[in-house]
Amino acid sequence: MQLIAGVDEVGRGPLVGDVVTAAVILDPKHPISGLNDSKKLSEKKRLCLFELIKEKALCWAVGRASPIEIDELNILHATMLAMTRAVEGLSIRPEFVKVDGNRTPKWQYRSEAIVKGDGLVAEISAASIVAKVTRDEEMKSLHLRYPEYGFDQHKGYPTKLHMQKLQELGPLKEYRMSFKPVQLALQHHNGMVNV
């Protein structure tokens, strides 16, 4: 049996919060049915599968890069850093890593990138679910602190509602200051960040 870790990220597109990645090594003795790309599952199904993954996987870990790291490195390099952190956080070292997308981080693991892997490879599907549930919960927490921004609805993505709120209220310290809509809002608010 080869120990394969699946890796995926959530949150490259949002204007706020961490980019969150997850790494999961599933247990072939305890398969989990219903795994799929997290975006294709209802929230209820994702939460249910997340509990099963935590219970049945050999191990799982979450990695992240902060808005400050995203601004310093750019979103691609910050995502690669977060993926590396997720794999290094696993309690079991994988023999092979399958990463969703078209590139893998520069690391010491044998690995391959698989485009649309979150819908094709069970380990990557599991990682996409862990990352999405983790980040969504963080956006709900942010919503409790700043309900006027509507983070529970748009999860930080640049929707019409979010863009209106950002222009109206200005960015918070949790925003990614290097992202263009945030820069425009900063100019509009004379460089002031809400705290």
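**Exercise 1. Glu137 and its partner**

Task: In this predicted model, decide whether Glu137 is buried, partly exposed or exposed, then find which residue forms a salt bridge with Glu137.

Solution:
- Step 1. Start with the accessible area. Glu137 has a relative value of 35%. Partly exposed covers the range between under 20% (buried) and over 50% (exposed), so Glu137 counts as partly exposed.
- Step 2. Look for a partner. Side chains of opposite charge can pair when their charged atoms come close. For Glu137 the partner is Lys140, with 3.2 Å between the closest N and O atoms.
- Step 3. Check the cut-off. A salt bridge needs a nitrogen within 4 Å of a carboxyl oxygen, and the pair Lys140 and Glu137 forms one.
- Step 4. Place the pair in the fold. Both residues belong to helix 4 (residues 122-145) and sit 3 residues apart, about one turn of the helix. Lys140 is partly exposed too, at 26%.

**Exercise 2. A pair in helix 1**

Task: Work out how Glu51 and Lys54 are placed in helix 1, and how exposed each of them is.

Solution:
- Step 1. The side chains of Glu51 and Lys54 meet in a salt bridge, at 3.3 Å from N to O.
- Step 2. Helix 1 spans residues 43-56, and because the two residues are 3 apart in this helix, about one helical turn separates them.
- Step 3. Glu51 is partly exposed at 44% relative accessibility, and Lys54 is partly exposed at 34%.

**Exercise 3. Reaching across the chain**

Task: Find which residue forms a salt bridge with Arg145, and say where in the chain each partner lies.

Solution:
- Step 1. The partner is Glu174, with the closest N and O atoms 2.6 Å apart.
- Step 2. This pair links distant parts of the chain: Arg145 is in helix 4, while Glu174 is in the loop between helix 6 (160-169) and helix 7 (180-188), 29 residues away.
- Step 3. Glu174 has a relative accessible area of 14% and is buried.
- Step 4. Now widen the view. The whole structure holds 12 salt bridges, and Asp18, Arg64 and Glu138 are linked in a network of them.

**Exercise 4. A charged residue without a salt bridge**

Task: Explain what surrounds Glu9, and why strand 1 counts as largely enclosed.

Solution:
- Step 1. Glu9 lies in strand 1 (residues 4-10). Glu9 is buried yet has no salt bridge, and the nearest side chain of opposite charge, Arg12, is 4.8 Å away. That distance can be held against the 4 Å limit for a salt bridge.
- Step 2. Apart from neighbours within four places in sequence, Glu9 is in contact with Val19, Val20, Thr21, Thr79 and Met83.
- Step 3. In a regular strand, side chains alternate between the two faces of the sheet. Here both faces are covered: Ile4, Gly6, Asp8 and Val10 are buried on one side, and Ala5, Val7 and Glu9 on the other. Because 7 of the 7 residues of strand 1 are buried, the rest of the structure largely encloses this strand.
- Step 4. Look at the strand's partners. Strand 1 runs parallel to strand 4 (residues 96-100), joined by 4 bridges, with Gly6 opposite Lys98. Strand 1 runs antiparallel to strand 2 (residues 19-25), joined by 6 bridges, and Val10 has Val20 as its bridge partner there.

**Exercise 5. The whole chain**

Task: Judge how compact the protein chain is for its length.

Solution:
- Step 1. Count the elements: there are 7 helices and 5 strands.
- Step 2. The radius of gyration is 17 Å, close to the 16 Å from the globule rule for 195 residues, so the chain is as compact as a globular protein of that length.
- Step 3. Of the 195 residues, 51% count as buried.

Note on methods
Residues numbered from 1 in each chain as written. Predicted model: local features only at pLDDT ≥ 70, side-chain atom pairs only at ≥ 80, totals over all residues. Heavy atoms only, no water. Buried < 20%, exposed > 50% of the residue type's maximum accessible area, 1.4 Å probe, protein only. Lys, Arg positive; Asp, Glu negative; His and termini not counted. Contact = heavy atoms within 4.5 Å. Pairing = 2+ DSSP bridges. Rg over C-alpha atoms; globule rule 2.2 N^0.38 Å.
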